[in-house]
Structures are given as C-alpha cells and as structure tokens.
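Subject: Structure handover

Hello,

Here is the structure we spoke about, with notes on what turned up in it. Please read the notes with the model open.

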Amino acid sequence: MPPRQWKLWSLPPAALGYVIAIDAIALVITGLAVRSSVLGGPISRAEWTAFAVLAIASTLHLESARSIERRRELAANTSPHTNLKCLWIFASVLLLPLSLVIPLTALSYVYSWFRVYGRTIAHRKIFSNSTAILASAAAAAVLRGGGLISEPRVPTDFWSLLVVLSAAATWWLVNYALVVGAILLASPEATARDALGELSHQLVICAGLGLGIAIAALQSSYPWVVPVLMVTVLALHRDLLLPQYQRAAGVDVKTGLATPSYWANAVPAELARAESLRSTVGLLMLDLDKFKEINDTYGHPAGDRALRAVGESVRAEVRQGDLVARVGGDELAVLLPGASEGEVLEVAERIRDRLSALTVSVETGANRTAVISGVPASFGAAVYPDVAGTMDQLVLAADNALLTAKRGGRNQIVSARPIPPLDLSEHPVSDN
C-alpha cells in the first residue's frame, strides 16, 4: 500500500501528531540505547543466552495463545487491549541492557502482527511497540536511580525489592497513560470510562509484571525452571484473558451495552439466583420514541451516535451491578437485581428525565453538524416474582407494559400489574 494511503493519515490531527511524536521518541531511545551499548563494551554471553531464552519463550507463549488473542483483538473496542507481552518485556528489562530489550520487544510485536493478529492496522501495532519501549526505558531509569546498575537486576533484599516494584509500577503507568491518551485523541466520541477500560484488565497487567519478576529471578539463578513456569503463564492466559474476551464478545459495538445473546443468558441466571436468595429482580424495557425520525432526518451514522449517547445516559443512571442491554434496533433493557417495584420506577424516572433533556451533536455530512435535543423513551417495568415466575413471563409482562406506555402517549412509564389468580368458583371444572 502506498504511504499516502496508510490508515495513519485518517487519524484526527491531534492524534496523528501524538502517535508520530511517541514513535519518534521511541526511535531516539533506540538510537541512544545502541550507542550506549557500543560505548559500554560487548554484550556478554550470559546476556545473549538470556535474550535467546526470553525470545523463544515469548514466541512459544504467543503461538500457544494466538487463537485466544486473535478473537480478543477482534472484540477490542475503544479501550486498552490487554495482553501478557509485558511479562517477557519486563523480565528482559531486569535481565538485559536496553539495547537488547528493544529488539526483544520488536520481535514480540512483529511475530504477533504476522501470526496472531493477521491483517490489522499497522500504525496501531507500531505505536504499541513504541509505548512498550518508552515504558521499558522509564523502568530502566528507575532501576538505575535505585542503585541497581548492572544486570541481572532482580530483588535480593527489601530495598532492591522496592526498587523493582517501583520499576514495574512505572512500566505499567507509562504504557497505560500513553495508550489512554491515544484513545482519547483518536476517538473523540469515546468517554474517559471507555478509554480507561476495566480495572480487572489492568490487574492482568500487574499479574504479568509480577510473573516477569519471577521469570527474571529464575532465569538468573535457576534457568532450567523457566520452562516449568511456562505452564503457569499459559494457565493465567486462559483463565484470565479468555473470560475477558468472552465478556467483550457480549458487548454491542454501537452502544457499548450488552448484546441480546449475553442478555438472554444473564436473565435466567439472575432469576435462579434470586430464587435461591428469595430476592427480587426488576426489569425495565424501554423503546426510544420516534427514533426512526433521527435516522431519516440526519442519516444512520447520526442515529448510531445518538444511540450510543442514549446507552451512556442509561448506564449513568442505573446502579452498579445492574445490566443494560440493547435487545433490538432502538430498544434497550435494564436488569435490576434485588430491586423492588418502587426502586425500578425510581430508576426509570431518572432515565426518562435524562433522556428527555439529552442533547447530542451529530455530523450530517459535508462537515456540517446538528444538535438533537431530547431523545424521549417509553418504559415498561416488571418485577420478579411479583408479576412473573419465569424469564419469558417477566419479559412478556414488561413488554406489555411498554406497549401500554406507547399507546398511552409515549414518554411515560407503565408498571406491569400482577396477574390475579383464576377464581375456580366462578369457572367450575366438570369431571366429565
């Protein structure tokens, strides 16, 4: 592909300048590291051996987990893409001079590019490689500042442990901050919450850095134990990152809400939990009033932007632990575990007020924008087990209440009423 057709140039100007600047700094650091290595004398045989072991181990790790990583890459959205390359990179920071850390990092990303991710946007992977180089340089500076000058720089006492942990924290912070900055600049529609991602994802990075310290310590003293630790690495990859992919696969791309399939699995599980705890489950079904007019007037991209803003507004008004899903074109659902009818109606009223006052700036083509003022919705509410005993009954009750709200004038909330038991005295059953 000719350079002028690279996807890099489609970035917003601020993001383009940011990415190029980070890549340029990484190149400068690479040049300085090579110069320092040349002036400092030849690389030792032990360092070349450690480099070979880490390169082989990281390649085997990537190859073993590439099916999981490919699916996770496809599921990634506007949030940091978490992986375990950091454990090999940080282990190399502790064992090798920076002039060898950089090629090991590049090897990891190049191998991932061709074997794991397949066809992907080049500038993103180059940028990720650059952030890892900057993070490694910052961590190496912390190690030197703490007095750990020569390799291997593994903890041997309390002070050296503090220095190594500080270096690990620095590596994480620099890499994370650089990636979040790129997301915010490249995706103006992304919220800070989206860009920061999930806390659990960053705990995976912390686990990787911890394993990197362990691998470096074993490689420096007991190198033959490193292959044994590979089993732990692969188990960690499967048990932590595969569920992360599965959660990401349950997210609707346009809204960031749960998908219908994820929703369909979550509702019966929550009802079973409520039954065992003798608790309740609230359900809100909401349909955006006259949403088709937005698509017809401003176009479907504008409608998608408005729909995402609606999803963010709904999530902002529900409780932590509630599940918000997109179950149809412009129909959303909210599952509220443990909520009473009064609590469900209170949440619905907050959402209704927020959507009625919502303003969304959308592009209408030819670099023109328009402001959509108010995206009202109709609501149907139902509570298990007050009005239903099964998932189908609960959804039907909420749907019927939603239909009543729409027929009654829209932009209102209707709560499903319990179905009265059949009075058999008025409808005697014959034995014949």
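S136 sits in helix α6, which runs over residues 122-145. The model is predicted, and in it S136 has a relative accessibility of 1%, so this serine counts as buried. Its side chain makes a polar contact with the side chain of W171, at 3.1 Å. Apart from its neighbours within four places in sequence, S136 is in contact with I89, V93, L98, V101 and W171.

Two of these partners, I89 and V93, are among the buried residues of α4. Helix α4 covers residues 85-95, and because eleven of its eleven residues are buried, the helix is largely enclosed by the rest of the structure. The buried set includes K85 and S92 as well as nonpolar residues such as L87, W88 and F90.

C86 belongs to that set too, with a relative accessibility of 3%. Its sulfur is 8.6 Å from the closest cysteine sulfur, that of C206, which is too far for a bond. Seen from the other side, the closest cysteine sulfur to C206 is the one in C86. C206 itself is partly exposed, at 42% relative accessibility. Over the whole structure, the search finds zero disulfides.

On the surface, F158, W159, L161, L162 and L165 form a nonpolar patch, with about 520 Å² of accessible area together. W159 lies in helix α7, residues 158-186. At 54% relative accessibility, W159 counts as exposed, whereas S136 counts as buried at 1%.

Next, the charged pairs. Side chains of opposite charge can pair when their charged atoms come close. There are twelve salt bridges in the structure; three of them are described below.

- K406 and D287: the side chains meet in a salt bridge at 2.8 Å, N to O. K406 is in helix α15 (residues 391-407) and D287 is in strand β1 (residues 281-288), so the pair ties together parts that are 119 residues apart in sequence. D287 is buried, with a relative accessible area of 14%. Both residues also belong to a network of salt bridges that links D287, D289, K406 and R410.

- D296 and K292: this salt bridge has an N to O distance of 2.7 Å. The two residues are four apart in helix α12 (residues 291-298), so about one helical turn separates them. An α-helix has 3.6 residues a turn, so residues three or four places apart point the same way. Both D296 and K292 are exposed.

- R350 and E317: here the side chains meet at 3.3 Å, N to O. R350 comes from helix α14 (residues 341-356) and E317 from helix α13 (residues 300-317), so the salt bridge ties together parts that are 33 residues apart in sequence. R350 is partly exposed, with a relative accessible area of 30%, while E317 counts as buried at 16%.

If you look at one site first, I suggest the surroundings of S136, where the contacts include W171 and two residues of α4, I89 and V93. After that, the network of D287, D289, K406 and R410 would be a good second stop.

Regards

Note on methods. Residues are numbered from 1 along each chain as its sequence is written. This is a predicted model: local features need pLDDT of at least 70, side-chain atom pairs count only at pLDDT 80 or more; totals for chains, interfaces and linings use all residues. Side-chain values use heavy atoms; hydrogens and water are left out. Buried means under 20% relative accessible area, exposed over 50%, partly exposed in between (1.4 Å probe, protein chains only). A polar contact is a pair of N or O atoms within 3.5 Å; within protein, one must be able to donate a hydrogen and the other to accept it, and residues adjacent in sequence count only if both atoms are side-chain atoms. Contact means heavy atoms within 4.5 Å. Patches are made of residues with over 30% relative accessible area and no salt bridge: like charges are joined within 9 Å, nonpolar side chains (Val, Leu, Ile, Met, Phe, Trp, Tyr) within 5 Å. Accessible areas come from the Shrake-Rupley method with a 1.4 Å probe; for residues, only the protein chains shown count as cover. A salt bridge is a side-chain nitrogen of Lys or Arg within 4 Å of a carboxyl oxygen of Asp or Glu. A disulfide is a pair of cysteine sulfur atoms within 2.5 Å.
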